[in-house]
Amino acid sequence: MADIRKISIEEFHAELRAQGASGKQHLAFRCPMCATVQSAASLMKAGAGENFEQVEKFLGFSCVGRFTNAGSPRRAPDDQPCNWTLGGLLRLHKLEVVDGDGECHPRFEVATAEEAAALETLNG
Ligand SMILES: [Zn+2]
């Protein structure tokens, strides 16, 4: 069984703030299946929605590849997105955010500040 890291909402937000992104659309997450780093800006680029509010529900939850007709997760990550979503039956995620009621919400992992900065540059 995979190790799942559990953190509070406050810790989750602190880790995201530590990325130093210039805006919430550049907060970066890593898909647990294909390991690509993605943000709301990535989702908008892929056509998942036109603004942050429209893509927020997919952020850190559904891989950007779902909106670009990407294939299923490969056996080994190849830098290409996949069609994974945490809403499915298989639970293979590595991070859960625990809310004030003690409920656990699966999320993609928080990317490092370096990964976030690189992605922000890429997404302009
Ligand atoms: Zn993926």
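**Exercise 1. The sheet with E2**

In what order do the strands of the open sheet with antiparallel pairing stand?

Solution. The model is a predicted one.
Step 1. The sheet has 3 strands, in the order E3-E2-E6.
Step 2. E3 and strand E6 (109-110) are the edge strands, each with a single partner, so one side of each has no neighbour in the sheet.
Step 3. Strand E2 (residues 29-30) pairs with E6 in the antiparallel sense, and the pairing has 2 bridges. Within it, Phe 29 is opposite Val 110 of E6.

**Exercise 2. The sheet with mixed pairing**

Give the strand order of the open sheet with mixed pairing, and state which helix packs on this sheet.

Solution.
Step 1. The order of its 3 strands is E1-E4-E5.
Step 2. Strand E1 (5-8) and strand E5 (104-107) are at the edges; each has a single partner strand, so one side of each is left without a neighbour in the sheet.
Step 3. From one strand to the next, the twist averages 35 degrees.
Step 4. Strand E4 (residues 95-98) and E5 run antiparallel and are joined by 4 bridges. One residue pair to look for is Leu 95 with its bridge partner Arg 107 in E5.
Step 5. The helix is H1 (residues 9-17), which touches E1 and E4. The direction of H1 makes about 95 degrees with that of E1.
Step 6. The hairpin of E4 and E5 has 5 residues between the strands, and Gly 102 in this hairpin takes a positive phi near 80 degrees.

**Exercise 3. The faces of H4**

Which residues of helix H4 (residues 113-123) are buried, and which on the other side are exposed?

Solution.
Step 1. A residue is buried if 20 or more other C-beta atoms lie within 10 Å of its own, and exposed if 12 or fewer do.
Step 2. Buried in H4 are Ala 116, Leu 119 and Glu 120. Seen down the axis of H4, the buried residues fall within an arc of 105 degrees, so they line one face of the helix.
Step 3. A general rule fits here: an α-helix has 3.6 residues a turn, so residues three or four places apart point the same way.
Step 4. Glu 114, Thr 121 and Leu 122, on the other side of H4, are exposed.
Step 5. The cover over the buried residues of H4 includes strand E3 (37-38) and helix H2 (40-45).
Step 6. Gly 124, just after H4, has a positive phi of about 60 degrees.

**Exercise 4. The nonpolar core**

Which residues of the largest nonpolar core touch the most other members?

Solution.
Step 1. The core has 26 residues, and those touching the most other members are Ala 28, Cys 31, Leu 43 and Cys 63.
Step 2. At least two core residues come from each of H2 and H4. H2 gives the largest share, 3 residues.
Step 3. Take Cys 31 from this group. Leaving aside neighbours within four places in sequence, the contacts of Cys 31 are Thr 36, Gln 38, Cys 63, Pro 81, Cys 82, Trp 84 and Phe 108.

**Exercise 5. Positive phi outside glycine**

Where are Ala 35 and Asn 69 found, and is each exposed or partly exposed?

Solution.
Step 1. Ala 35 is in the loop between E2 and E3. Although Ala 35 is not a glycine, its phi is positive, about 65 degrees. With 16 C-beta neighbours inside 10 Å, Ala 35 counts as partly exposed.
Step 2. Asn 69 is in the loop between H3 and E4. Asn 69 is not a glycine either, and has a positive phi of about 55 degrees. Asn 69 is exposed, with 8 other C-beta atoms within 10 Å.

**Exercise 6. The whole chain**

How many helices and strands does the protein have, and what radius of gyration?

Solution.
Step 1. There are 4 helices and 6 strands. From the N terminus on, the elements run β-α-β-β-α-α-β-β-β-α.
Step 2. The radius of gyration is 14 Å, which agrees with the value near 14 Å for a compact globule of 124 residues.
Step 3. Along the principal axes, the C-alpha atoms fill a box of roughly 35 × 35 × 25 Å.
Step 4. Of the 124 residues, 34% are buried.
Step 5. Among contacts with a separation of 6 or more, 54% are between residues 24 or more positions apart.

Notes: Residues are numbered from 1 along each chain as its sequence is written. This is a predicted model: local features need pLDDT of at least 70, side-chain atom pairs count only at pLDDT 80 or more; totals for chains, interfaces and linings use all residues. The arc is that of the directions from the helix axis to the C-beta atoms. Two residues are in contact if their C-beta atoms, placed from the backbone, lie within 7 Å. Two strands pair if DSSP finds at least two bridges between them. Axes are lines fitted to C-alpha atoms, for helices over the stretch in contact, and angles run from 0 to 180 degrees between N-to-C directions. A nonpolar core is a set of buried Ala, Val, Leu, Ile, Met, Phe, Trp, Tyr and Cys residues joined through C-beta atoms within 7 Å. The radius of gyration is taken over C-alpha atoms; the globule rule is 2.2 Å times the number of residues to the power 0.38.
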